[in-house]
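Me: I have a structure open and I'd like to learn how to read it. Can you walk me through some features?

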Amino acid sequence: MRVQAAGEPLVLDDDLVIAGDNRAVLDALPDGGFDLIYMDPPFNTGRAQTRDTLSAIADPVGNRVGFKGRRYRSELLQRLSFDDGFSDYLGFLEPRLARARELLAPHGTLYFHIDYREAHYCKLLLDEIFGRAAFLNELIWAYDYGAKPRRRWPAKHDTILVYVRTPGGHHFDPDAVEREPYMAPGLVSAEKAQRGKRPTDVWFHTIVPTNGREKTGYPTQKPEGVLRRMVAASSRPGGWCLDPFAGSGTLGAVCRQLGRRFVLVDSNPVAVDVMRDRLQERGGLGAVEDAVITGQG
Ligand SMILES: C[S@@+](CC[C@H](N)C(=O)[O-])C[C@H]1O[C@@H](n2cnc3c(N)ncnc32)[C@H](O)[C@@H]1O
């Protein structure tokens, strides 16, 4: 384990998973070092984000009834959780976003992932920090999963605000992104329909499937398919990508697949464990080290 003192610059010579508050960690990273920064902070829902993994155990007096009337009880195997309530949410984000801008290379791009509760306030804050000319896109990630209230339209999308370090000077390669089927293939030639189309700013993509290969059990884990588009389009092979709110390490997993380098930060020790397991599974942990930033919080 590498132990890093506060104020000492971090050298980018290897992929890194860093345990610590990103406020201090971001200060230690090199200015202009990153092609892409993906930020998926807690959404300020006002409640802890928790995911339980339950197991059904056969029990003649259990409270769950299954196939052919057999009774079961639920046993909690694992509870993964992080806090998600802030009295001054924008005050929390502001210094981190301002520092993120400094960390971007001149051709670099920030993808800021948020939901409908805070998206509009965050847009104004980002305009202030980056300048309106640096606003590139508002991406909508639409999914269709979970409870559907009957008193309003069920909210089934997240918003990803995209800003560049230098207006007009950013790296963006739409041809590096996997094409998708046309919505109405009958309206285009057979050849075009066969080739598919470049994705637009509305991304229909399932959440992480409950029993899928990429599922870690970490609450609010984002699908690799959504991050793959960002990394493929906005970073170069071998370029550095940063996730200051890394959770289960989705950005690291995608960087591994696409041949990019990464720095992942999270203040929750459980997230750091989950990331180590996940990245170890995908091709060895040899390249991943810990750097504990000590000192300021
Ligand atoms: C929405 S989750 C990120 C999920 C992640 N994108 C994924 O795919 O798994 C937000 C994460 O930010 C972390 N976090 C919250 N405040 C932090 C801080 N000040 N410094 C570092 N990490 C923080 C939480 O522990 C949580 O894991």
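**Reading the fold, feature by feature**

Reply: Sure, let's start with one loop residue: T220 is partly exposed, because 19 other C-beta atoms lie within 10 Å. Keep in mind that this is a predicted model.

Me: Where does T220 lie, and what is its phi?

Reply: The general idea is that most residues other than glycine have a negative phi. T220 has a positive value, near 65 degrees, and is not a glycine. You'll find T220 in the loop between β10 and α5.

Me: Okay, what about the overall picture? How many helices and strands does the protein have?

Reply: There are 7 helices and 13 strands. Of the 297 residues in the protein, 33% are buried. Among contacts with a separation of 6 or more, 70% are between residues 24 or more positions apart.

Me: Let's look at a helix. Which residues of α5 are buried?

Reply: A useful rule first: an α-helix has 3.6 residues a turn, so residues three or four places apart point the same way. Helix α5 covers residues 224-234, and its buried residues are V226, L227, R229, M230, V231, A233 and S234. The cover over those buried residues of α5 includes the strands β3 (34-39), β7 (104-114), β8 (135-142), β10 (202-204) and β11 (240-243), plus helix α6 (250-258).

Me: Can we zoom in on S234? Why is S234 buried or exposed?

Reply: S234, which lies in helix α5, is buried because it has 27 other C-beta atoms within 10 Å, and the cut-off for buried is 20 or more. Setting aside neighbours within four places in sequence, S234 is in contact with D35, L36, T109, H171 and F172. Take D35: it is 199 residues from S234 in sequence, but 7.1 Å away in space, C-alpha to C-alpha.

Me: And a residue in a strand, say L242 in β11?

Reply: L242 counts as buried because it has 29 C-beta neighbours inside 10 Å. Beyond its neighbours within four places in sequence, L242 is in contact with F34, I37, L103 and V263. Between L242 and G33 there are 9.4 Å in space, C-alpha to C-alpha, with the two 209 residues apart in sequence.

Me: How do I read two helices that pack together? At what angle do α5 and α6 cross?

Reply: Packed helices are described by the angle between their axes and the distance between the axes. Here the axes of α5 and α6 come within 9 Å and cross at roughly 60 degrees. That angle is why α5 counts as oblique to α6. The crossing of α5 past α6 is right-handed. On the α5 side the contact is made by E224, L227, R228, V231 and A232, and on the α6 side by T250, L251, A253, V254, C255 and L258. By class, that contact has 8 nonpolar, 1 polar and 2 charged residues.

Me: Now α2 and α3: at what angle do they cross?

Reply: Helices α2 (residues 89-103) and α3 (residues 119-130) have axes that come within 10 Å and cross at roughly 40 degrees, so they are oblique to each other. Their crossing is right-handed. From α2, L90, L93, E94, L97, A98 and R101 meet Y121, C122, L125, L126, I129 and F130 of α3. Sorted by class, the contact of α2 with α3 has 10 nonpolar, no polar and 2 charged residues.

Me: Last one: how many residues surround the ligand?

Reply: The ligand has 19 residues around it, and the closest are F245, G247, S248, T250 and N268. The shell divides into 7 nonpolar, 8 polar and 4 charged residues.

Definitions and conventions. Residues numbered from 1 in each chain as written. Predicted model: local features only at pLDDT ≥ 70, side-chain atom pairs only at ≥ 80, totals over all residues. Near = placed C-beta within 6 Å. Nonpolar A, V, L, I, M, F, W, Y, C, P; charged D, E, K, R; others polar. Buried ≥ 20, exposed ≤ 12 C-beta atoms within 10 Å, placed from the backbone. Helix = DSSP H or I, 4+ residues; strand = E, 2+ residues; numbered from the N terminus. Contact = placed C-beta atoms within 7 Å. Axes fitted to C-alpha atoms, helices over the stretch in contact; angles between N-to-C directions. Parallel < 35°, antiparallel > 145°, perpendicular 65-115°, else oblique. Left-handed = near helix turned anticlockwise from the far one by under 90°.
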